[in-house]
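These are my notes from an afternoon of looking things up in one structure. I begin with the surroundings of a single residue and then turn to rings and strands.

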Amino acid sequence: MIKKLSLYAFALLGCLVLFNSCNKEYESIEVIDTRAIEDYIAKNNLVGVKDTLGYYYQIITPGDGAAVANTDSVYYTYDFKRANGVSIIKNGDYQIPGTFLGYTDRFSFKTIAGVRLTLAKLKKGGTARIIIPSSMAFGKNGNTALGVESNEIIIIELSLPKLDHQYQVDNFLINKFVTANSLVTVKPPSRIQYIVSSVGTGADILPTSKIKAKYTGRLLNGTVFDSSADGVEFNLDEVIQGWTLGIPGNIKVGGKIRLLIPSDLAYGKSAQTDGIGNTTIPANSCLDFDIEVVSITAP
């Protein structure tokens, strides 16, 4: 009887040790998160406000545009960063998705309520920063593909641009691209910005002309989605409007032109694929073309 009782007591003691160990492990994660966030705030001289959900936020610029509600469709940008400043997920450079404010917290890997709740504190034109504890981000497992280690806090930079329509987004992105690349472009009312490197000495080109052209097509992030080094024949009035409006009157046969085309004069809301299901041109993409007109095969 004494032997059995001793075994029982030993087993009970083991359970208590295991329980306390699990409890300490949980508490240690909270301590690690809190210390990492406080260190980040102090190191970067930030004024962070702790939300009741456990994340910290800082309103950098409140914005002076219209206030927004959950049911409003908004354009916003995000940039997920590690504490060392390395960006891991962002959309701010080349894509600004329009969606309902109430859905801005939904990402492919997790729903992060702090994004929506912080954006809701801004007016259009505003910017903010949130600091997410590891338990609300990638947790103990981290994310090897993104280079996020176990129990890392994540910083998310947010903005709510003063944009209401896709054409405004297109203009914003193209102008940003032009500035970033120190380009000098012509800006006609069509909103297609262009650079003529050679006018050409051949025949005039009409919107209805059938031409042969060499070209390279890129997204604004530099990704080449199509090209032809030998030249392709087609009717100008049967291709995207950006070509139909951008080539005639600006160059002749033998001429070279660079066209920066807004999405509504390209493929608009329709994403383009390579025939096997891979997206080559995302929806609402502005395009960057280098074009050389080799010949006219029909006026």
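I listed the contacts of S159, leaving aside its neighbours within four places in sequence, and found Y75, Y76, T77, L119, G126 and T127. I keep in mind that this is a predicted model, and that each value below is computed from it. S159 has its place in strand β8, which covers residues 154–160. With a relative accessible area of 15%, S159 is buried, because buried means under 20%. Of T77, I noted further that its side chain makes a polar contact with the side chain of S159, at 2.4 Å.

Y76, one of the residues in contact with S159, led me on to the aromatic rings. My search of the whole structure returned 14 aromatic pairs. Among them is the pair of Y76 and Y78, whose centres lie 5.9 Å apart with 40° between the planes, and which is classed as tilted. Y76 has a relative accessible area of 5% and is buried, and Y78, at 15% relative accessibility, counts as buried too.

I then looked up F80 and F109, whose ring centres are 5.7 Å apart; their planes stand at 85°, so I entered the pair as edge-to-face. Where do F80 and F109 lie? F80 lies in strand β4 (residues 77–81), while F109 lies in the loop between β6 (98–100) and α2 (113–119), so the pair ties together parts that are 29 residues apart in sequence. In accessibility I wrote down 1% for F80, which counts as buried, and 30% for F109, which counts as partly exposed. Both of these pairs fall within one aromatic cluster, formed by Y76, Y78, F80, F107, F109 and F138.

My last entries concern a sheet. I traced 5 strands that form an open sheet in the order β9-β12-β15-β10-β11, with antiparallel pairing. At the edges stand β9 (193–198) and β11 (224–235), each with a single partner strand, so one side of each is left without a neighbour in the sheet. From one strand to the next, the twist averages 20°.

Within this sheet I followed the pairing of β12 (residues 256–261) with β15 (residues 287–298), which is antiparallel and runs over 6 bridges; I261 has L287 in β15 as its bridge partner. Helix α3 (residues 166–180) packs on the sheet and touches β9, β12 and β15, and I recorded that its direction makes about 130° with that of β12.

Methods: Residues numbered from 1 in each chain as written. Predicted model: local features only at pLDDT ≥ 70, side-chain atom pairs only at ≥ 80, totals over all residues. Heavy atoms only, no water. Phe/Tyr/Trp six-rings, centres within 6.5 Å; stacked < 30°, edge-to-face > 60°. Buried < 20%, exposed > 50% of the residue type's maximum accessible area, 1.4 Å probe, protein only. Helix = DSSP H or I, 4+ residues; strand = E, 2+ residues; numbered from the N terminus. Polar contact = N/O pair within 3.5 Å; in protein donor to acceptor, adjacent residues only side chain to side chain. Contact = heavy atoms within 4.5 Å. Pairing = 2+ DSSP bridges. Axes fitted to C-alpha atoms, helices over the stretch in contact; angles between N-to-C directions.
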